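Biologist: I've got this one open on my screen and I'd like to talk through how it is put together. Shall we start with the helix packing?

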Amino acid sequence: MDLPQGLPTSWHVAAWLVLAPLLAWALLRGSWSRLGVNEQSHVFLGALVAIALLWTIGGRVGPVVHFHLLGATILYLMFGLPLAIVGMTLVAVATNVAGGGDWMAIASRALVAGALPVLVSHLVLRAAEARLPANFFVYVFVAGFLGGVLAMLGAAVAVAGAIDLAQPAGASLGDAWTATALMLAFAEATLTGMLITLFVVYKPAWVGTFRDEIYLKRMEP
């Protein structure tokens with residue numbers, strides 16, 4: 001999910017001003033010691049490579065918007081908020097280098113397709129922990145499926161809003177964008193839910209936001 005080309009330079013400067021302190025906070029607060037345990041560093045780097053590849057598979061709505069799945073929710077659930085923000089920023093940089101994109105647009109892409117959906121996923125998990133019973137199914141269906149849906153929709157709304165503000169005289173995205181956003185949200189939720197279920201069952205050490213003592217205690221007979 002990318003912002004269109006040709007946005008005002010001032011927008012990209014503002015995006016850098018937002019991303020820089022957010023990234024600095026994430027670098028300071030990240031659980032970097034975790035990456036030194038067992039295979040965690042390989043899992044983190046492998047996840048970033050997989051997400052970067054995911055970003056290269058997509059399509060377009062008209063000549064304006066390039067869309068793709070995000071992978072933000074699964075990265076957040078695996079590594080938590082700070083590492084997910086750093087990771088999604090690295091993905092934005094890597095895909096920009098591979099695609100020869102505008103360097104000024106990296107911050108905008110990292111915010112819209114990375115930090116924003118990660119923050120949405122974080123809020124969904126925290127709301128679920130505060131208001132819903134703590135069990136495996138709540139984690140998978142709310143944090144995984146619903147988190148993926150809302151993360152994608154949040155990015156879609158940000159893209160649509162940016163286009164309307166920057167190009168008010170241009171063609172409206174209209175129903176085509178609404179249908180595309182809904183399909184992407186469903187696909188993002190399905191991918192996230194399936195992967196988080198597999199990881200929790202077979203590789204629970206990979207999922208940093210999942211705790212057996214919290215999400216499995218009420219499932220015991």
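Modeller: Sure: α2 and α3 are oblique to each other, since angles under 35 degrees count as roughly parallel, over 145 as roughly antiparallel, 65 to 115 as roughly perpendicular and the rest as oblique. Keep in mind that this is a predicted model, where local features need pLDDT of at least 70 and side-chain atom pairs count only at pLDDT 80 or more, while totals for chains, interfaces and linings use all residues. Residues are numbered from 1 along each chain as its sequence is written, and side-chain values use heavy atoms, with hydrogens and water left out.

Biologist: At what angle do helix α2 and helix α3 pack?

Modeller: Helices here are DSSP runs of H or I with at least four residues, strands are E runs of at least two, and both are numbered from the N terminus. Axes are lines fitted to C-alpha atoms, for helices over the stretch in contact, and angles run from 0 to 180 degrees between N-to-C directions. For α2 (residues 40-55) and α3 (residues 72-99), the axes are 9 Å apart and the angle is about 50°.

Biologist: How do the residues of the α2 contact with α3 divide into nonpolar, polar and charged?

Modeller: Taking contact as heavy atoms within 4.5 Å, α2 contributes residues including Phe44, Leu48 and Trp55, and α3 contributes residues including Met78, Phe79 and Val91. Ala, Val, Leu, Ile, Met, Phe, Trp, Tyr, Cys and Pro count as nonpolar, Asp, Glu, Lys and Arg as charged, and the others, Gly among them, as polar. The split is 15 nonpolar, three polar and no charged.

Biologist: And α1 with α4: is the crossing left-handed or right-handed?

Modeller: The axes of α1 (residues 9-29) and α4 (residues 106-131) come within 7 Å and cross at roughly 60°, so this pair is oblique too. A crossing is left-handed if the near helix is turned anticlockwise from the far one by less than a right angle, and right-handed if clockwise. α1 passes α4 in a crossing that is left-handed.

Biologist: Which residues of α4 meet α1?

Modeller: On the α1 side, the contact uses Trp11, His12, Ala15, Trp16, Val18, Leu19 and Leu22. By class, the contact has 11 nonpolar, two polar and no charged residues. The α4 partners are Ile106, Ala107, Ser108, Ala110, Leu111 and Ala115.

Biologist: Is His68 buried or exposed?

Modeller: His68 is in strand β2 (residues 65-68), and it touches, among others, Met1, Trp55, Arg109 and Leu184, leaving out residues up to four places away in sequence. Buried means under 20% relative accessible area, exposed over 50%, and partly exposed in between (1.4 Å probe, protein chains only). At 1% relative accessibility, His68 is buried.

Biologist: What kind of aromatic pair do Tyr139 and Phe210 make?

Modeller: Rings of Phe, Tyr and Trp (its six-membered ring) pair if their centres lie within 6.5 Å; planes under 30 degrees apart count as stacked, over 60 as edge-to-face and the rest as tilted. Here the centres are 5.0 Å apart and the planes are at 75°. So the pair of Tyr139 and Phe210 is edge-to-face.

Biologist: How far apart in sequence are the parts that this pair ties together?

Modeller: Tyr139 is buried at 1%, and Phe210 is buried at 5%. Tyr139 lies in α5 (residues 136-166) and Phe210 in the loop between α6 (174-202) and α7 (212-215), so the parts tied together are separated in sequence by 71 residues.

Biologist: Which residues form one aromatic cluster with Tyr139?

Modeller: One member is Phe136 in helix α5, which is buried at 14% relative accessibility. Besides Tyr139, the cluster is formed by Phe136, Phe137 and Phe210.
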